[in-house]
Structure formats: structure tokens, C-alpha cells
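Ready for a few warm-up exercises? Have a look at the structure first, then try each task before you read its solution.

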Amino acid sequence: MALRTTAAVLVGRAVRVAARLRGGGSAIPGNIALRIDPGFLERTIARIPHGVVAVSGSNGKSTTTNMLAAIIRAHGLSVFTNPSGGNLPQGIASALLSEVSTGGRLNKDIAILEIDEGYGTRLAELLKPRTVLLLNIQIDQLNRYHEPDRVATMLGRVAATSTDGLILNREDNFLVDMDARIPGRTGRRVSFFGGVPSLVDDASHGVASADRFDEGSAVPGSRAAAVEVVALDGARATLAIDPWTDGETGDGVASARTQIEVRLPARGMHYALDAAGAAATARSVLGERFRPELVTRALDTLETVYGRGEMLEVAGEQIEIIMMKNPASLQLNLDSLEGAPEQVFLAVDEGTPDPSWIYDIDFSALDHVDGITGSKAWQFAVRFGYLGIPVGEVDLDVRRALKAFLARPKPATGHKVMILNYEQMMLIRKILGFKELEGGGAA
Amino acid sequence: MSASLKILHLFPRLLGLNGESGNVDILTLRSEWRGLPVEVTRHDGGTPVGFGDADLVFIGSGPTSAQLLAHPLVLDVAAELRELAADGRPFLAIGAGFQLLGQTIALEGGEVLEGAGVFPVATRHGGTRVVGDFVVESPRLGTVVGFENRGSFVDVGPHGTLGRVVYGRGNTETPFEEGFWEDNLLGTHMHGPILANNPGLADSLLDTARTRRGLAYTDPAPERLREIDDRAREARGTIAANPLSE
């Protein structure tokens, strides 16, 4: 067994080095390690002293995991986390490879792991999370999940595995009463995060929660929140945090709340809710050790995750990357644009197999698009045609289209904007010479 | 009162998961840009209003949970809908909406729901879900492309279909034919904004509606539709050249 683990770690690492030199393929090493030693992931994770926090939902997993890890680290714990996108078993195993000893031991206090909602049930069995944070259920990848109701069922199973803490978004149609729809468990503390009604309603498409057609036992927003977004000013938000009480009932006393200001990756209420979710989870995990002011400190110095409010510097020019992961993320990111961008580029390929949902998106934040590329480009061009949004050039050759866009004059105000799906974001980063793997090249 | 085309959009709130209301927008713009105004009536349940004036009826798709909620509401207006169909008003029905307008829907648990009886088809939920690009060769329109995402089979008997399946599965276990298309009735599981990639289908529905009313376009071929149709041709070509599924 030990020999097998050592082999898995060594071979996996060798593959990892090879993959990094090529500039891609972050899941492959983990895949190989798991083939050599199938129990590698489960066994290594089970030995982590403070256990596992699992973060899932349709949108914001990477951003929130990144925030939560930083907050926990600011409290003095060492954290193992998976890089954004590496949220399947093989991705997590890949991340483990760089951190474990050759005997398969991981010298960390706690694991904070983003998990894919489709693999949630399997991963929860494997990782046995003590704490689960669920962010939202939005219309996402219907080609994969078929309907939001199924995602709700899958995330319900993940929630049910939590032993110590369950943290839910009270603004979400499906999550507001998730605790009542799963078997209860003694010792599990349930807490909520959310925003004051004026902020939630002000976001022009709300929180983009998927429609729910069955009867819920609570309406969104109705649960008492342990952490609440109370003010939002550009990329800064104010969070009101309930004091920790031993008997944690979820009914916070408003007068005793601590208010802190936090920096967000970019403008947008969805990022403020991610920060609230991360703070509420840190509070649940750390209990009386939790210090609200450390949330501010941790988020102030946080680097953004690829494509989530990220600015790339290309040839001395700042380019904002908006990742078009799914309808909700695209809508929320479009809503948070400050005025129609002067130069816009869009790239979407088979990574978005069915872009039908672009007919549900309000594109009024754009007044034109300069260039579109990727295999779905013509479908977007049709949509923009019906919207009366002028389209500069459609070119399915990504390199050529990108070159033409970069050659366009620097905007008089603001910066160029690229709206990309995940696969195109990774490809374009590579074309532009950003060779690190997802996860910011940590280690 | 100036003449306008009236579209009845059934259950837009419950059935419209995959950008399907885009179909109504597309029908509206294609008529209005040619000089024929359109009025859209949305029916989400309750007393049917404006059904008698409807020139074209659209119903979209949705998850099974929404389909079950829409079911009694559909039965409430079944007689009115059958009348419209018998009177030659064109119907476009997609996915769950198509199933609800059929004769019966056998659910996976064995329960059989009665449909509105507009389409002479029967649906059976179950089987492996098919998800992927969908390419159909229509004798009337040529290549029709879109996206297939279904976990059911539909029996259309000896009736006419949208076309022969080139890529994807289609109505039954045997990949062969897709949907139902006879006279004024078109039903399919090519979900989402099917009319976006296939403007010929939109124009065919509009023509059926116009002809019945004797309404003409003042500008049958505006430049901006020509540009959109060129893009849609490219979109069809891109999908048909390299269709993918899971």
C-alpha cells in the first residue's frame, strides 16, 4: 500500500512537470496517480486534522474558495485547496501531488475544496466534508445537468453529508430552505448569508437564481443571516457579521453585529455575496476563534482567480476578462460593467455546447461587439443581429481574430473587454504567453 | 385599426427554460421588419384571453417539474387549442410543451397524463437522455440544425415529421425521424431558439399565419434580415460540419 502510494505520487509528479512544461493538462497527473493508487485521495484527505470544507454551487465556487482559504490562513491555519477548475477527483488529486510527502502525507491543518456540482455526491462520499458551503443554483450547463431541479437534488445530497456546519445563501430560491429538505443531524450548525433587500433587488437581474416550481418552505431572503451584505460601493462591500454564540440558533441580534469593509475581485453584488458566504463559512468553521477584521485583511491582499474580474496586461494595455461560464455569471458580469465598453471581443467554442440561453440574456450593457470568434461565433452573431447590436467581424480562426482585436486602438476611456468561455479563456491565455496552469501557478 | 399578426405564447413563465422565448422574439421581428406589426399575448393560466384572435401559437419546453405544473393549466384550455389547430392556425410546440399538446404522456413512474390532443402523438418518458447537436434533413427546408436534450420517446405514428435525422437521435429508440410536421402543426424536441438557426422555419410559420388572414408584407426582404440569414446559414454550416454530443 505505502509503496503503491509512493509510486502514485512520484509518477504523478513526473507527469505534472511534463504537463506544466507544455502549459496545460492540469488534471492528467491526478488521473494517473489515482489509477496507480485509487485510495490516494480519500486516505490523504481523511488525515487532515480539521477536516474538509466543501464549496459548491453554480457560480462563484473558485472565487469563494479562494476567499475562504485566504480568510482561514489569516487566522493562522495552514490550508490545502484545489486550484480553480480542478474540482473533479482527478483535479483535486493533481493539487495534492504537489503538496504531499512521497509517503502520501499532507502537512496541512484544513482542506478547503471547491467541488463540481455534478460530482458532488461522489466527492462528498470520498472527502467526507465537515462543513459545506452552497452558493447558488442558477441555470447552468443544461446540456450536462438537464434542469436546475436536478442540481438542487445533487447539492442536497452534498449538504446532507456535512457533520459540523452547513452554510447557505438565503437569497437563492432553492437554498433558502435546503436545511429543511435534508435529513437533520445533531451537532450540525446551519447558518445563512445574504444581502439587505435593497441591494438584492437593485442588482438589475437580482441574484439570477433559477426558477423553482415546487413549493418551498421559506421565501428567498426570509432567513436570518449570520453575514449580510449591507452596503456596496464599486468593488468594496460592507458586511455585517453576527457575533458567535455557543448555542448558534441562526437568530442574530442586529445590534451586536460587527461591520467590516472588504475588497471584492471586481464590481458586482454577486462578488459581495461570495465574500459574505466565505466569511459566514470561516465563522462557522472557526467558531469563537473567528475574527471579522481578519476577513478584511485577507480579502485586501487576495489575487483574483483567472477570468473572474481579472485584468490581463497585454503589450502595456489592460484588458478585462469576463468569463462567460453560464447565463447567470454572464448576466451578472454584464450588469456590473460601468457603461458600454469601447472595445469588446467575444470568444465561445464547444466548451459551451448549447448557447441557446443567450436568448434569455439581456445584452443591453453592450452597444456593439468588435469581434467574435470560436465555433459558436455565428450563433452569437445571429443573436446580436436580432438585438440590433452591430457586430464588427466574425472570424472562426481564434489567433487571427485575437490579433485583429489586440491591434485595435486603445480605448479613449476604460479598457478593452474580452468575454470568453472557460475553454477560450485558457486557450487565449496560452496564445498570449500566460503559461501557468490554472491556480495561479501555486507551487 | 391597422392589421397585425397575433401570436399566442403559452405558459412563458413555466415553459421557456432554454431561451425558447427567443422564438417569439424572432417571429415578431421577422414580421415587423417586413412591415407587418405583431401583437403577442402571453397566457400563464386562468381564463383564456384573446385565444380566438391568435394567428400563431407557440409553446416552449421546461423541466419535468414545470411540465407537471403546466399540465392542468394546459387541460383548462385544451378545447380552445384544438379549435385553433382545426382552424388552420400554425403551432410551434417544443419539448415539454409539444408533449403536453399531444395525446398522452407516460411518466417514468408509470402514471399516464392526458394531453391537450392537439398533436396526434404519444410520449413516453425514460430511456437514456440524449444531449448534443442535432442535424435534421427536412424535405421542405433542407438542413435544419439545433440542440437535442431529451429523456423521452415520442410516437408520431404514420404522420409527417420535421425531417430525417442526420445527427442525433430523434423521436424514438431508432434514429430516424424527428418531430411532427403536418399542415399547420409543427412539434419538435429541437429545443431552445430553434428559429434562430433556421429562419426558413420561422418564415414558413409566418406565411401560414399570414396567408390565412390575407396579410401581406410591405417590405418582404429587408437588408437586416438578409444579413441575419447569412449568419444563420454560417451557424448551420458550422454545426452540421462538426456535430458533437456527450
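Keep in mind that this is a predicted model.

**Exercise 1.** Work out how many helices and strands chain B has, and whether its build is that of a globular protein.

*Solution.* Start with the secondary structure: chain B has seven helices and 13 strands. Next, take the radius of gyration, which is 17 Å for chain B. The globule rule gives 18 Å for 246 residues, and the two values are close, so chain B is as compact as a globular protein of that length. Finally, check the contacts: among those in chain B with a separation of 6 or more, 71% join residues 24 or more positions apart.

**Exercise 2.** Find where the largest nonpolar core lies relative to the domains of chain A.

*Solution.* First, pick out the members that touch the most others: in this core of 193 residues they are A:I71, A:L239, A:A275 and A:A279. Then look for the element that gives the most, which is helix 10 of chain A (residues 269–286), with eleven residues. Now turn to the domains: domain 1 (2–300) and domain 2 (308–431) of chain A both contribute, so the core lies between them. To zoom in, follow A:I71: beyond its neighbours within four places in sequence, its contacts include A:A278, A:A279 and A:A282.

**Exercise 3.** Describe the side of chain A that touches chain B.

*Solution.* Begin with the count: 23 residues of chain A are in contact with 32 residues of chain B. Helix 13 of chain A supplies the largest share of chain A's side, seven residues. Last, sort that side by type: ten residues are nonpolar, six polar and seven charged.

Definitions and conventions:
Residues numbered from 1 in each chain as written. Chains lettered and ligands numbered in written order. Predicted model: local features only at pLDDT ≥ 70, side-chain atom pairs only at ≥ 80, totals over all residues. Helix = DSSP H or I, 4+ residues; strand = E, 2+ residues; numbered from the N terminus. Rg over C-alpha atoms; globule rule 2.2 N^0.38 Å. Contact = placed C-beta atoms within 7 Å. Core = buried A, V, L, I, M, F, W, Y, C linked by C-beta atoms within 7 Å. Buried ≥ 20, exposed ≤ 12 C-beta atoms within 10 Å, placed from the backbone. Domains from an automatic or database assignment. Nonpolar A, V, L, I, M, F, W, Y, C, P; charged D, E, K, R; others polar.
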